[in-house]
Amino acid sequence: SARRSTDSAMPACCPRSANRPPPEQTNPMRRISGSEGFPKGAAAPVVALGNFDGVHLGHRRIIERAVATARSLGGSSVVYTFDPHPVRILAPAECPPLIETLEQRLSSIESLGVDFCVVEPFTAGLAAMGAEEFFLDIVAGRIGARAVVVGYDFTFGARRKGTADLMRELGAGRGIEVVRIEAQFLEDKLVSSTNIRRLIEHGEVCEAEKLLTRPYAIEGFIVPGRGIGRRLSARTANIDSENECIPANGVYLTLAEIEGKSYPSVTSIGDNPTFPHAPFAIEAHLIDRDVDVMGKRIRLLFLRRMREQVAFASEEELKEQIMKDIEKAREMHRDRDQ
């Protein structure tokens with residue numbers, strides 16, 4: 001459903017993320033569905049445990065530590081995560097919109113140089129498993145962990161009774177080291193999926209980018225729209241988003257990635273209040289590009305919120321504003337490229 005944003009403040013344009021280059025990796029990450037399929041011959045597995053929604057700065061610290069430890073031991077780096085999100089099974093009504101799709105999450109994890117990623121199907125049976133049983137049967141048993149890395153707030157097992165301290169106790173007698181990574185802060189802001197989700201939903205995509213270490217992106221296919229963009233001399237790609245977490249209604253500076261090419265764009269999100277009963281839509285206009293994109297897959301990166309949605313008195317006034325938005329976006333993209 002469409003959401004109107006009451007956020008009128010325009011954030012300062014954020015610089016490009018200063019991402020570190022990904023670790024060297026000779027082989028692609030091996031994706032494993034379910035811990036029962038983990039290879040028994042994997043050398044000295046060092047396991048990062050967590051949901052890792054968004055694979056943000058805090059998650060990166062956990063995974064990078066696992067990768068570094070595995071390399072120091074001559075072992076294998078392993079990320080163990082769940083799908084669906086546990087809250088979706090335990091309390092569906094309380095499950096937040098996820099920042100990334102599963103495929104996006106796996107790609108983000110792979111970019112960090114991980115050897116294996118185990119995606120455990122989260123079921124009612126797994127939820128009922130006790131903390132000790134989970135650690136002994138799955139982490140120590142099926143995966144054969146040599147070391148484990150978790151975040152500051154990681155819990156596990158039935159009713160979330162398992163903690164890092166309990167994991168240390170369980171691992172101590174089995175030669176399994178457990179490392180707990182402290183909470184990460186950036187400019188006094190706690191780096192967490194909850195905070196990033198809140199920023200995105202308020203349109204503060206620049207601030208979200210800092211915590212994610214990359215621009216927030218949604219993916220999906222381009223589908224037929226209402227034809228209003230063509231009528232207003234600004235053809236748009238109407239996006240059927242696979243992502244659950246959608247930025248607040250408004251107009252955004254974006255980059256559109258289609259079939260390996262990147263296009264400067266400007267995107268409108270919302271129900272277009274100028275037209276009564278207009279449905280919610282995500283519409284990207286490719287600036288100075290005339291490309292047939294219908295039916296193609298798109299990845300849309302959000303760089304800055306330019307303005308909120310406004311109801312105009314006439315279609316002509318809206319058309320004038322769209323032309324201004326495109327010109328402003330053109331200049332902003334030009335500044336970014338310099």
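Exercises on a predicted model follow, each with a worked solution.

Local features here need pLDDT of at least 70, side-chain atom pairs count only at pLDDT 80 or more, and totals for chains, interfaces and linings use all residues. Residues are numbered from 1 along each chain as its sequence is written, and side-chain values use heavy atoms, with hydrogens and water left out.

**Exercise 1. The open sheet**

Task: Give the strand order of the open sheet, then find its edges.

Solution:
- Start with the terms. Helices (H or I, at least four residues) and strands (E, at least two) are DSSP runs, numbered from the N terminus. Two strands pair if DSSP finds at least two bridges between them.
- Read the order. Six strands run E1-E4-E3-E2-E5-E6, with parallel pairing.
- Find the edges. Strand E1 (30-33) and strand E6 (177-180) each have a single partner strand, so one side of each has no neighbour in the sheet.
- Add the twist. From one strand to the next it averages 20 degrees. Axes are lines fitted to C-alpha atoms, for helices over the stretch in contact, and angles run from 0 to 180 degrees between N-to-C directions.
- Check one pair. E1 and strand E4 (residues 116-121) run parallel and share four bridges. Ser-33 stands opposite Val-119 in E4.

**Exercise 2. The barrel**

Task: Trace the barrel and examine the pairing of E10 with E13.

Solution:
- Follow the closed order. Six strands form the barrel as E9-E10-E13-E12-E11-E14, with antiparallel pairing.
- Take the turn between neighbours. On average it is 45 degrees, direction ignored.
- Look at one pair. Strand E10 (residues 237-241) and strand E13 (residues 281-286) run antiparallel and are joined by two bridges. Ala-237 has Ala-284 as its bridge partner in E13.

**Exercise 3. Two helix pairs**

Task: Classify how H7 packs with H8, and H5 with H6.

Solution:
- Set the classes. Angles under 35 degrees are roughly parallel, over 145 roughly antiparallel, 65 to 115 roughly perpendicular, and the rest oblique.
- Take H7 and helix H8 (residues 205-212). Their axes come within 8 Å and cross at roughly 155 degrees. H7 is therefore roughly antiparallel to H8.
- Take helix H5 (residues 131-142) and helix H6 (residues 164-172). Their axes are 11 Å apart, at an angle of about 45 degrees. H5 is therefore oblique to H6.
- Add the handedness. A crossing is left-handed if the near helix is turned anticlockwise from the far one by less than a right angle, and right-handed if clockwise. H7 passes H8 in a left-handed crossing. H5 and H6 cross in a right-handed way.

**Exercise 4. Pocket and cavity**

Task: Describe the largest pocket and the second largest cavity.

Solution:
- Fix the terms. On a 1 Å grid over the protein atoms alone, a cavity is a set of points where a 1.4 Å probe fits but cannot get out; a pocket is an open set with protein on both sides within 12 Å along at least five of seven lines; lining residues have an atom within 4 Å of a point.
- Take the pocket. Its volume is about 1000 Å³. Of its 40 lining residues, Asn-51, His-85, Asp-153, Phe-154 and Arg-160 are the closest to its centre.
- Name the helices. H1 (57-73), H2 (86-90), H4 (124-127) and H7 (193-201) each supply at least two lining residues of the largest pocket.
- Count the cavities. There are two of 30 Å³ or more. The second largest holds about 40 Å³. Its lining includes Asn-51, Phe-82, His-85 and Arg-105.

**Exercise 5. Backbone details**

Task: Locate the cis peptide bond and the positive phi of Phe-52.

Solution:
- Find the cis bond. It joins Asp-83 and Pro-84, with omega about 0 degrees. Pro-84 is in the loop between strand E3 (76-83) and H2.
- Find the phi value. For Phe-52, a residue other than glycine, phi is near 60 degrees. Phe-52 lies in the loop between strand E2 (45-49) and H1.

How values were computed:
Grid points are joined across faces, edges and corners, and a volume is the space filled by probe spheres set on the points.
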